[in-house]
Amino acid sequence: MMSSGDSRRTHRLAVLFLASLALSSCTGPVSSPAGEGPASGGSSSQAGSPASQSPTPSIAHDGSTVLPTSEVGCFRLSPELIQQVLGSAAAGLQPAESDGNVDPNGIRRESCIYPLDAERTTTHAVVLEVTTFPSAEGLRASAPFESLNAPVDVPGVEGTARFARNELNGSTEYVLVIADGTKLTRLIVSRPPAVSWSTEDALAALRRLAAPS
């Protein structure tokens with residue numbers, strides 16, 4: 001004869017079994033996204049293949065190849081260095097944002113933005129842009145210093161370097177542009193107009209930030 005305890009356990013098992021049947025009928029089988037294999041049961045050789053581990057490069061509408069974040073080299077500018085050079089001006093430094101691409105002509109562009117406050121705008125930030133051309137002639141043809149306002153030569157820097165101060169709506173940009181071989185580097189510190197920063201101090205800070213790591 002079945003005891004009352006056995007009866008209760010049998011009843012609970014029956015309820016659980018019926019609940020599992022109801023759940024499976026509602027959800028149905030799990031489908032894989034279009035173009036992918038089944039969620040489970042695939043061969044182990046496919047799961048461990050290099051193709052499954054290396055993401056396919058993204059192609060933009062203009063034909064440019066979008067670089068993975070791990071390949072954007074301007075991250076060499078460390079937050080520690082920014083804080084050391086800018087002091088209290090970098091007290092609100094935020095995590096960096098980066099992007100990069102290689103256009104159909106082979107020009108590689110990399111950009112890293114280090115916001116200096118929680119609003120995360122480029123009007124109060126440190127910006128490093130690195131453009132690598134297929135040839136030195138291509139760099140020269142790009143007129144790298146044309147956008148600078150009354151630039152001045154900066155001696156003692158490898159390559160050709162010029163510094164400028166650009167007044168914009170809502171910010172003042174202090175810019176150091178360095179052309180060296182096939183590489184063009186633009187380093188910008190953008191600060192609110194009300195901030196007092198002498199040309200000498202700004203240039204000294206930019207030179208320290210641009211120093212090779």
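# A walk around a nine-stranded sheet

In β9, serine 190 is the bridge partner of glutamate 173. That small pairing is a good place to start reading this predicted model, and we can work outwards from there.

**The sheet**

Nine bridges join β8 to β9, and these two strands run antiparallel. They form a hairpin with two residues between them. In its turn you will find glycine 181, which has a positive phi of about 65°.

On another side of the story, β9 also pairs with β5: eight bridges join them, again in an antiparallel arrangement. Here valine 130 stands opposite threonine 185 in β9. How covered is β9? Mostly covered: eight of its nine residues are buried.

Now step back to see the whole sheet. Nine strands make it up, in the order β1-β2-β3-β4-β5-β9-β8-β7-β6. The sheet is open, and its pairing is antiparallel. Which strands stand at the edges? They are β1 and β6 (152-153); each has a single partner strand, so one side of each is left without a neighbour in the sheet. As a reminder from general principles, strands of a sheet pair through backbone hydrogen bonds, either parallel or antiparallel.

At the β1 edge, two bridges join β1 to β2, and the two strands run antiparallel. Serine 58 has valine 66, in β2, as its bridge partner. Helix α6 (residues 199-210) packs on the sheet, where it touches β7 (160-168), β8 (171-180) and β9 (183-191). The direction of α6 makes about 45° with that of β8.

In total, the secondary structure of the protein comes to six helices and nine strands. Of its 213 residues, 30% count as buried. Among the contacts with a separation of 6 or more, 49% are between residues 24 or more positions apart.

**Two loop residues to compare**

Serine 64 lies in the loop between β1 (58-59) and β2 (65-66). Is serine 64 buried or exposed? Serine 64 is buried, because its relative accessible area is 3%, which is under the 20% cut-off. Leaving out residues up to four places away in sequence, serine 64 touches Ser58, Ile59, Asn101, Val102, Asp103 and Pro104.

Glutamate 158 also belongs to a loop, the one between β6 and β7. Glutamate 158 is exposed, because its relative accessible area is 64%, and the cut-off for exposed is over 50%. Apart from its neighbours within four places in sequence, glutamate 158 is in contact with Ile178 and Asp180. Its C-alpha atom is separated by 8.6 Å from that of alanine 179, which is 21 residues apart from it along the chain.

**A helix with two sides**

Helix α4 (residues 79-86) has three buried residues to look for: Ile82, Val85 and Leu86. Why do they belong to the same side of α4? They cover an arc of only 85° around the axis, and that puts them on the same side. A general rule helps here: an α-helix has 3.6 residues a turn, so residues three or four places apart point the same way.

The buried residues of α4 pack against β4 (108-115), β5 (125-132) and α6. On the other side of α4, Glu80 and Gln84 are exposed. After α4 comes glycine 87, with a positive phi near 60°.

**Rings and charges**

How many aromatic pairs are there? The count comes to one. Tyrosine 174 and tryptophan 197 form this pair, with an edge-to-face arrangement. The pair links distant parts of the chain, as tyrosine 174 is in strand β8 and tryptophan 197 is in the loop between β9 and α6, 23 residues apart. Both tyrosine 174 and tryptophan 197 are buried.

Tryptophan 197 appears again in the table below, which brings together the aromatic pair and two charged ends that sit over rings.

| Arrangement | Residues | Values |
|---|---|---|
| Edge-to-face aromatic pair | Tyrosine 174 and tryptophan 197 | 4.8 Å centre to centre, 80° between the planes |
| Charged end over a ring | Arginine 162 over phenylalanine 145 | 4.5 Å from the ring centre |
| Charged end over a ring | Arginine 191 over tryptophan 197 | 4.7 Å from the ring centre |

So where does the charged end of arginine 191 sit? Over the ring of tryptophan 197, the residue that is also paired with tyrosine 174.

Technical notes: Residues numbered from 1 in each chain as written. Predicted model: local features only at pLDDT ≥ 70, side-chain atom pairs only at ≥ 80, totals over all residues. Heavy atoms only, no water. Helix = DSSP H or I, 4+ residues; strand = E, 2+ residues; numbered from the N terminus. Buried < 20%, exposed > 50% of the residue type's maximum accessible area, 1.4 Å probe, protein only. Contact = heavy atoms within 4.5 Å. Pairing = 2+ DSSP bridges. Axes fitted to C-alpha atoms, helices over the stretch in contact; angles between N-to-C directions. Phe/Tyr/Trp six-rings, centres within 6.5 Å; stacked < 30°, edge-to-face > 60°. Lys NZ or Arg CZ within 6 Å of the ring centre and 35° of its normal. Arc of directions from axis to C-beta.
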